[in-house]
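Please look over the sequence and the model below before reading on. The paragraphs that follow go from the whole chain to one helix and then to a single residue.

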Amino acid sequence: MPLVAAPALPPGLRSTRATRAVLQLVAERAGEALSETQVESALAQAGVPANRVTVYRLLDRLATAGVLRRQVDAQRVARYALAPPAGTEGPMPRFECDDCHRHFPLSQGAESLQRATRQMLQALASAGHEGMAVDIAVHGRCAGCAHPDLGEGA
């Protein structure tokens, strides 16, 4: 499997073996939202020793730096996925599978949704609110999970 370019290391974050391994992992699994346990397990399989607290703190730092997006699923498990690239205009709506936790971007109609989101954020800003972010996701079961007998392309 070819190597996928990992996101750049955020300013102020040390370039440790665990940091580089996590950045590479999320780049390789760009369409997935990974739990702390999945990240810890993947690091162990890659031969990168990191305890649970270290992994949790690293994921938290990467989310704070804007490299990862943190979300909590229906089972109250924090999952981390690559954040949209800097400069991306508005939220990119997506479908999230509640079984396999893969993400599928929904590009059809995204422009009108982004326009409406900007208007909503402008209205909130005019009321004095700051730091607003919008995350639009539809949850359900992807075709592969809903119809496993039809294969991945269902």
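How many helices and strands does the protein chain have? This is a predicted model, and its protein chain has 5 helices and 6 strands. Read from the N terminus, the order of these elements is α-β-α-α-β-β-β-β-α-β-α.

The protein chain has 154 residues, of which 32% count as buried. About 9,700 Å² of the protein chain is exposed, and carbon and sulfur atoms supply 54% of that area. Among contacts with a separation of 6 or more, 50% are accounted for by residues 24 or more positions apart.

Now turn to helix α1. Helix α1 covers residues 17-28, which makes 12 residues. From its first C-alpha to its last, α1 reaches 16 Å, close to the 16 Å expected at 1.5 Å a residue.

Which residues of α1 are buried? They are A18, T19, A21, V22, L23, L25, V26 and A27. An α-helix has 3.6 residues a turn, so residues three or four places apart point the same way. The cover over the buried residues of α1 includes two helices, α2 (36-45) and α3 (52-64). It also includes the strands β1 (34-35), β2 (68-72) and β3 (78-82).

One residue of helix α2 can be taken as an example: E40. Is E40 buried or exposed? E40 counts as buried because its relative accessibility is 19%, and the cut-off for buried is under 20%. Leaving aside residues up to four places away in sequence, E40 touches A50, N51, R52 and V55.

Conventions:
Residues are numbered from 1 along each chain as its sequence is written. This is a predicted model: local features need pLDDT of at least 70, side-chain atom pairs count only at pLDDT 80 or more; totals for chains, interfaces and linings use all residues. Side-chain values use heavy atoms; hydrogens and water are left out. Helices (H or I, at least four residues) and strands (E, at least two) are DSSP runs, numbered from the N terminus. The expected span of a helix is 1.5 Å times one less than its number of residues. Buried means under 20% relative accessible area, exposed over 50%, partly exposed in between (1.4 Å probe, protein chains only). Contact means heavy atoms within 4.5 Å. Accessible areas come from the Shrake-Rupley method with a 1.4 Å probe; for residues, only the protein chains shown count as cover.
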